[in-house]
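Here are my notes on the model you sent over, point by point. Have the viewer open while you read.

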Amino acid sequence: MHHTQTVVLNTKKMWTRFHIECNNCEKVTNLRVQIPEKEKLPISFECPNCSSLLNSELTVDFKKASWDFKVIKGNLINGEFDKGDYFYEFSDTLPTEKPSTTPHKTHMATMRMPPRKLEKLKQVKDQRKFHNDEDWENFQDLNKAYANWNKPLIVKLSKRIIGKTHPSKIFDCKHDLDYQQLYFLVLNFLVYPWIDFENHTQFVEWLNDKVFNEEYINNTDFKTIYLDIVTEEEINKLRSEISLLNIQFSKIKDNLYYAYNKETTSDSFAGTQEFNKIKSFYCDCFEFIGRTSHIIFRLQNLFERGNQNNIPAGTPRNVTDASTFQALNHGNRLDILILSSDPIPKDLYVNSFDNKLRNGINHFKTKVDSNTQIISYYPITRRPDEEYQIKYIDFLNKTLDIYNSVLKIGQLIKTFKVCQVARPRT
């Protein structure tokens, strides 16, 4: 049986609460929920006592300034304001405190943050919510068009996504590089509010200033990399793979509202948990930046040691050049990539290219405690009981970071394409 409650919405009140009784253990959860900025907010969590599913939905009517709360699984009861067996905070965008037997704090999560931090989070959240579902559906089609190099459709979809809000950004495309530039313009508007944009910008500046400059563009060894290694065929293949990851991101992005590209301390609980979806995305990004890491390795060798095959000191004996590095499995590459000194190319890997995490969540045993939001994983086959742990929100942050690395490779591929057009093989 569904239980509902309709209340007139006080638009100045950001939080409200309900009492939900578990159908199985009959324990009562005092739920404090942040009123969302969207019409429908699904709220699902496990009973803190018996782990049975408690499922409900909050529907907001912004025109009438009211909301309706419906419990789908569980019983909505009339309880005293600050009473309950368990206390649970829920927000679709803001990290909250973990479930507890202790009554809610007087100050809500929005009031517990320093004003500047809250304002910054609000700005990021507003940027992430700026584009509607239709824009993101068009973005998925745009990535398919980009992967297939369907130039008329790239223009049509780009105009559809940003033409109304940014008409001055739309320009006539006359050459292949114009279509590429238009695609990346749309990518900037939709995706970059989700990642560490300053970190990403540093990588782009490194590419433009240190790598693709006049000194190295005409370097014989560098020409070998962008003509014989990163060929036009390889660029097309990588462009397609990145497009698929962008589509995948657009489908799971709402589960990443809690992630802000850095490790959390207190207030680290996420209302919405979709571990399996996030896990698959993380692993797919891991595989991609692992496969392409030999390109970064070649550039590291060239710009720090003068040749793409001049490997750094401390490299294992079985790795003698870029080709033997490329033959390694992904997990063994990180220890070599970090031997180079320049931090900017290494930054693609050091924070999120976690082989133990990837092995544990992708191949071996993983446990997720929904009430503590601790992910336990066991990545070593010869020691199957050796446990590693990571907080769910920290895993979300790693996921955003590794996606940023995918986008950096996209920038690298874009620049290689420009280089090929500007300096074709003679």
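1. The largest cavity holds about 120 Å³ of space. Keep in mind that this is a predicted model. Lining that cavity are 14 residues, and those closest to its centre are Tyr 146, Phe 184, Arg 239, Ile 242 and Gly 410. With 30 Å³ as the lower limit, the count comes to 1 cavity.

2. Who builds the wall of that cavity? At least two lining residues come from each of α5 (176-191), α9 and α16 (392-422). The biggest giver is α16, with 5 residues. Sorted by class, the lining of the largest cavity has 8 nonpolar, 3 polar and 3 charged residues. Arg 239, listed among the residues closest to the cavity centre, turns up again in the next point.

3. Now for a helix pair worth a look: α3 and α9 (residues 232-252). Their axes come within 8 Å and cross at roughly 170°. That angle is over 145°, so α3 counts as roughly antiparallel to α9. As for the make-up of this contact, its residues divide into 6 nonpolar, 6 polar and 3 charged.

4. Which residues do the touching between these two helices? On the α3 side they are Trp 136, Phe 139, Gln 140, Asn 143, Lys 144, Tyr 146 and Ala 147. Facing them in α9 are Arg 239, Ser 240, Ser 243, Asn 246, Ile 247, Phe 249, Ser 250 and Lys 251. Tyr 146 and Arg 239 both belong to this contact, and both are also listed among the residues closest to the centre of the largest cavity.

5. On to the largest pocket, which has about 880 Å³ of space. It is lined by 31 residues, with Lys 38, Asp 254, Asn 255, Thr 272 and Glu 274 the closest to its centre. Two or more lining residues come from each of β4 (40-46), β8 (86-90), α3 (133-147) and α10 (275-291). Of the elements, β4 gives the most, with 5 residues. If you plan to look at the chemistry of the wall, the lining of this pocket has 11 nonpolar, 8 polar and 12 charged residues.

6. Strand β8, one of the pocket-lining elements, also sits in a sheet. That sheet is open, with 4 strands in the order β7-β2-β3-β8 and mixed pairing. Its edge strands are β7 (75-77) and β8, each pairing on one side only. From one strand to the next, the twist averages 35°. Strand β3 (residues 28-34) pairs with β8 in the parallel sense over 5 bridges. For a concrete place to zoom in, take Leu 31, whose bridge partner in β8 is Tyr 88.

7. There is also an open sheet of 3 strands, in the order β9-β10-β11, with antiparallel pairing. Because β9 (366-369) and β11 (388-391) stand at the edges with a single partner strand each, one side of each has no neighbour in the sheet. Direction ignored, neighbouring strands of this sheet are turned by 20° against each other on average.

8. Last, the detail in that sheet. Strand β9 is joined to β10 (residues 374-377) by 4 bridges, and the two run antiparallel. Val 368 stands opposite Ile 375 in β10. What packs on the sheet? Helix α15 (residues 355-362) does, touching β9, β10 and β11. The direction of α15 makes about 85° with that of β10.

Terms used: Residues are numbered from 1 along each chain as its sequence is written. This is a predicted model: local features need pLDDT of at least 70, side-chain atom pairs count only at pLDDT 80 or more; totals for chains, interfaces and linings use all residues. Side-chain values use heavy atoms; hydrogens and water are left out. On a 1 Å grid over the protein atoms alone, a cavity is a set of points where a 1.4 Å probe fits but cannot get out, and a pocket is an open set with protein on both sides within 12 Å along at least five of seven lines; lining residues have an atom within 4 Å of a point. Grid points are joined across faces, edges and corners, and a volume is the space filled by probe spheres set on the points. Ala, Val, Leu, Ile, Met, Phe, Trp, Tyr, Cys and Pro count as nonpolar, Asp, Glu, Lys and Arg as charged, and the others, Gly among them, as polar. Axes are lines fitted to C-alpha atoms, for helices over the stretch in contact, and angles run from 0 to 180 degrees between N-to-C directions. Angles under 35 degrees count as roughly parallel, over 145 as roughly antiparallel, 65 to 115 as roughly perpendicular and the rest as oblique. Contact means heavy atoms within 4.5 Å. Two strands pair if DSSP finds at least two bridges between them.
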